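The following report describes the fold, the core and selected side-chain arrangements of one protein chain. Please consult the sequence and the structure while reading.

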Amino acid sequence: MTDRTAVRTGLLTVDGATLHHEVRGEGPLLVMMPGGSADAGIYDAIAADLADRWTVATFDPRGYSRSAPAGPVTDQSPATHADDIVRLIESLSPDGAPAALFGSSSSAVVALAALARHPGRLSRVVAHEPPVVALLPDPEAGRVLFAAVREAFRRDGVAAAMTTMAAGLAPEEGEAAPGPERTAERGAAPTPEQTATQGQAPDPEQAATFRRMHANLPVFLEHVLCPFSGYVPDLVALKAAAAHLVVGVGRESRALLPAIAAEGLARRVGAGVAEFPGGHIGLTEHPRAFAARLRDVLAAP
C-alpha cells in the first residue's frame with residue numbers, strides 16, 4: 001500500500017526559473033501556494049492531512065529557497081507567478097483536468113491573477129486574505145504603509161521592516177503594536193524562535209525549514225510586498241468566474257487590512273466568503289483545524 005503522505009519531489013523549468021515542487025497523495029490535483037516569505041515547507045502538516053482526498057502539490061515560488069532564478073531577482077509580478085502555477089498544473093495534470101488552487105496572503109493575490117488569466121485550468125480557487133490595497137476603502141493609505149515597510153527594510157533591515165508592518169496593521173487606533181513573536185502574522189514565515197515562543201519547540205528539521213523561509217524575507221520585502229499588494233485585480237474576469245472563487249478570512253483577523261480587502265473583493269465580484277480558524281496565518285497557528293476547514297470549502301458544491 002502506498003503511503004499517501006510520502007513526498008515526491010521534482011523540478012520544473014519555467015521562463016526565468018526552476019521551480020522545486022513536492023507532491024503527496026492521490027486524487028484530483030490541489031495546488032497550495034505559499035505566501036509571504038514561505039516555501040513548500042509551510043504546508044507540510046496541512047498537505048499530509050489532505051493527501052487522502054487530493055493529489056496535493058506544494059512548491060517554492062521563483063527566487064525563494066530551492067527554486068533558483070535564472071538571473072538576479074527583480075520585482076515580481078503576480079501574473080508571472082500565476083503563469084508558473086499553470087505550467088505546474090499542466091505538468092502534474094497532463095490530461096487537462098482542472099485543478100483546485102489555494103493561496104494565502106501574497107499568494108492569494110497570485111490566485112486571483114491565475115483565475116482571471118486561466119479560468120479553464122481551475123476548478124475552485126480559495127484566496128485567503130489577499131492584501132490588495134486597491135480593494136480597501138482608502139487604497140492610498142495601504143500603498144503608503146507598504147512603501148514605508150520596504151523603505152524601512154532598505155534603511156534598517158528585516159527587523160525594522162517587520163516592526164513597521166506590524167504597527168501599521170494594528171487593528172485599532174491606540175492598540176499596542178504586536179511584538180516580534182507575532183510579526184509572522186503580517187505575511188512572513190515564522191522563525192524557529194517565534195515558533196518556540198508559541199509553545200511549539202521545533203525539531204531540527206522544522207528549524208531548518210523555518211531558517212530557509214526566514215532567509216527569503218529580503219526578497220519578499222524588496223521585490224514582492226509592494227508589487228503584489230499594489231496589484232489591481234481584473235474584476236470583470238473575476239466576476240465572470242465568481243462561481244469558482246471562495247474568499248477566505250481569518251476568524252481573528254477580520255479587522256486587519258488583508259481581511260478587509262478580501263471581503264471588499266467578495267462584495268465586488270459576488271464570490272462566497274469562508275471563515276477560517278485563527279488569524280492571517282491561521283494555517284500555521286491551527287494547521288489541523290485549518291486543513292479541516294479547507295477540506296469542507298473545497299468539497300462544497
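Which residues of β4 are buried on one side, and which on the other? The answer is given under the heading on strand β4, after a brief overview.

## Overview

The model discussed here is predicted. The protein chain contains 12 helices and 8 strands. Of its 301 residues, 55% are buried. Among contacts between residues at least 6 apart in sequence, 71% join residues at least 24 apart.

## The sheet

The 8 strands form an open sheet with mixed pairing, in the order β1-β2-β4-β3-β5-β6-β7-β8. Its edges are β1 (8–14) and β8 (272–276), each of which pairs on one side only. From one strand to the next, the twist averages 25 degrees.

Two helices can be described by their packing on this sheet. Helix α3 touches β3, β5 (99–104), β6 (122–128) and β7 (245–250), and its direction makes about 150 degrees with that of β6. Helix α12 (residues 287–299) touches β3, β5, β6, β7 and β8, with its direction at about 160 degrees to that of β8.

## Strand β4 and its partners

Both faces of β4 are covered: T55, A57 and F59 are buried on one side, and V56 and T58 are buried on the other. In terms of the count, 5 of the 5 residues of β4 are buried. In a regular strand, side chains alternate between the two faces of the sheet.

The pairing of β4 combines two senses. Strand β3 (residues 29–33) runs parallel to β4 (residues 55–59) and is joined to it by 4 bridges. Strand β2 (residues 17–24) pairs with β4 in the antiparallel sense, over 4 bridges. Individual positions illustrate this: L30 stands opposite V56, and the bridge partner of M32 in β4 is T58. On the β2 pairing, E22 stands opposite T58.

## Nonpolar cores

In soluble globular proteins, nonpolar side chains tend to be buried together. In this model, the largest nonpolar core has 64 residues, of which V31, L101 and L245 touch the most other members. Helix α3 (residues 106–117) supplies the largest share of this core, with 9 residues. A second, separate core of 24 residues includes M32, I46, A100 and L298.

Which residues does V31 contact, once its neighbours within four places in sequence are left aside? They are A57, F59, I85, L88, I89, A100, L101 and F102. Two of these, A57 and F59, belong to the side of β4 that also holds T55.

## Aromatic rings and charges

There are 3 aromatic pairs in the model. One of them is formed by F102 and F290, which meet edge-to-face at 5.8 Å centre to centre, with 80 degrees between the planes. Because F102 lies in strand β5 and F290 in helix α12, this pair ties together parts that are 188 residues apart in sequence. F102 is buried, with a relative accessible area of 0%, and F290 is likewise buried, with a relative accessible area of 0%. Ring pairs link Y43, F102, F276 and F290 into a cluster.

Charged side chains also lie over aromatic rings. R293 is placed over the face of F276, at 6.0 Å from the ring centre. R53 lies over the face of W54, at 4.9 Å from the ring centre.

## Backbone positions with positive phi

Most residues other than glycine have a negative phi. Two serines in this model depart from that pattern: S65 has a phi near 50 degrees, and S105 has a phi near 60 degrees.

Are these two serines, S65 and S105, buried or exposed? S65, in the loop between β4 and α2 (78–92), is partly exposed, with a relative accessible area of 29%. S105, in the loop between β5 and α3, is buried, with a relative accessible area of 9%. The assignments follow from the cut-offs, because buried means under 20% relative accessible area and exposed means over 50%, with partly exposed in between.

Terms used. Residues numbered from 1 in each chain as written. Predicted model: local features only at pLDDT ≥ 70, side-chain atom pairs only at ≥ 80, totals over all residues. Heavy atoms only, no water. Core = buried A, V, L, I, M, F, W, Y, C linked by side-chain atoms within 4.5 Å. Buried < 20%, exposed > 50% of the residue type's maximum accessible area, 1.4 Å probe, protein only. Contact = heavy atoms within 4.5 Å. Pairing = 2+ DSSP bridges. Axes fitted to C-alpha atoms, helices over the stretch in contact; angles between N-to-C directions. Phe/Tyr/Trp six-rings, centres within 6.5 Å; stacked < 30°, edge-to-face > 60°. Lys NZ or Arg CZ within 6 Å of the ring centre and 35° of its normal.
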